[in-house]
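Colleague: Please take a close look at one surface loop for me, then work outwards from there. Give the cut-offs as you go, since I'd like to know what each word stands for.

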Amino acid sequence: MTVRYIIDSYEFGKMTINGIDYHSDLIITPSKIIDDWWRKSGHNLTLEDLPGIDWSILHTVFIGTGWLGLMNVDQRIFDLLEEHEIAFVIKPTPIAVKEFNRSIHDLKLGLFHLTC
């Protein structure tokens with residue numbers, strides 16, 4: 001079952017989704033929000049940071065790389081997205097949030113770093 005998530009607002013260190021405030025990095029899947037998400041290596045996003053994601057169902061992946069865009073994305077993630085023919089947006093979080101909300105697809109994944 002998919003849920004329609006709307007990001008109501010984002011500011012440094014805080015994101016409000018469907019009226020609920022979050023203060024840590026987030027993964028928004030088509031069916032749930034995973035809060036308090038930590039990566040193994042702080043400002044680097046690797047495949048190991050994304051266990052249990054069903055890539056086969058996704059249409060688009062939005063990666064918010066932080067307020068200033070300081071989070072790096074491992075090349076293996078680009079390779080995986082291309083292999084599964086998944087569209088992607090990788091931008092600083094303020095921009096990625098806007099793109100996430102504009103997307104009409106329910107089968108989307110949001111990976112958002114809320115600081116830096």
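Modeller: Let's start with Leu70, which sits in the loop between β7 (60–64) and β8 (72–73); strands here are DSSP E runs of at least two residues, helices are H or I runs of at least four, and both are numbered from the N terminus. Bear in mind that this is a predicted model: local features need pLDDT of at least 70, side-chain atom pairs count only at pLDDT 80 or more, and totals for chains, interfaces and linings use all residues. Numbering runs from 1 along each chain as its sequence is written, and side-chain values use heavy atoms, leaving out hydrogens and water.

Leu70 is partly exposed, at 46% relative accessible area (buried is under 20%, exposed over 50%, partly exposed in between, with a 1.4 Å probe and protein chains only). Together with Phe12, Trp67 and Leu68, Leu70 makes a nonpolar surface patch of about 440 Å² accessible area. Areas are Shrake-Rupley values with a 1.4 Å probe, and for residues only the protein chains shown count as cover. Patch members need over 30% relative accessible area and no salt bridge; nonpolar side chains (Val, Leu, Ile, Met, Phe, Trp, Tyr) are joined within 5 Å, like charges within 9 Å.

Now follow β7, the strand on one side of that loop. β7 runs parallel to β10 (residues 108–112) over five bridges, where pairing takes at least two DSSP bridges between two strands. One of the matched pairs is Val61 with Leu109 of β10. On top of that, β10 pairs with β4 (residues 26–28), this time antiparallel and over three bridges, with Leu111 as the bridge partner of Ile27. Five of the five residues of β10 are buried, so the strand is largely enclosed by the rest of the structure. Side chains in a regular strand alternate between the two faces of the sheet. In β10, Lys108, Gly110 and Phe112 are on one side and Leu109 and Leu111 on the other, and both faces are covered.

Back to the patch: one of its members is Phe12, which brings us to the hairpin of β1 and β2. The hairpin has two residues between its strands, and Gly13 there takes a positive phi near 85°. β1 and β2 pair antiparallel over four bridges, with Lys14 of β2 as the bridge partner of Glu11. These strands belong to an open three-stranded sheet with order β1-β2-β3 and antiparallel pairing. Its edges are β1 (7–11) and β3 (20–22), each pairing on one side only. Neighbouring strands are turned by 15° against each other on average, ignoring direction. Between β2 (residues 14–17) and β3 there are three antiparallel bridges, and Met15 has Tyr22 in β3 as its bridge partner. Helix α2 (residues 93–102) packs on this sheet, touching β1 and β2, and its direction makes about 175° with that of β1. Contact is heavy atoms within 4.5 Å; axes are lines fitted to C-alpha atoms (for helices, over the stretch in contact), with angles from 0 to 180 degrees between N-to-C directions.

The β2–β3 loop holds Asn18, a non-glycine residue with a positive phi near 45°. Most residues other than glycine have a negative phi. Asn18 is partly exposed, at 38% relative accessible area.

Last, the charges. There are six salt bridges in the structure, meaning a Lys or Arg side-chain nitrogen within 4 Å of an Asp or Glu carboxyl oxygen. Arg39 and Asp25 meet at 2.9 Å, N to O. Arg39 is in the loop between β5 (33–34) and β6 (44–45) and Asp25 in the one between β3 and β4, so the pair ties together parts 14 residues apart in sequence. Arg39 is buried at 9%, and Asp25 is buried at 9% too. Within helix α2, Arg102 and Glu99 form a salt bridge with closest N and O atoms 2.9 Å apart; being three residues apart, they are separated by about one helical turn. Arg102 is exposed, at 56%, while Glu99 is partly exposed, at 27%. Arg76 and Asp74 also pair, at 3.3 Å between the closest N and O atoms, and with Glu48 they form a network of salt bridges.
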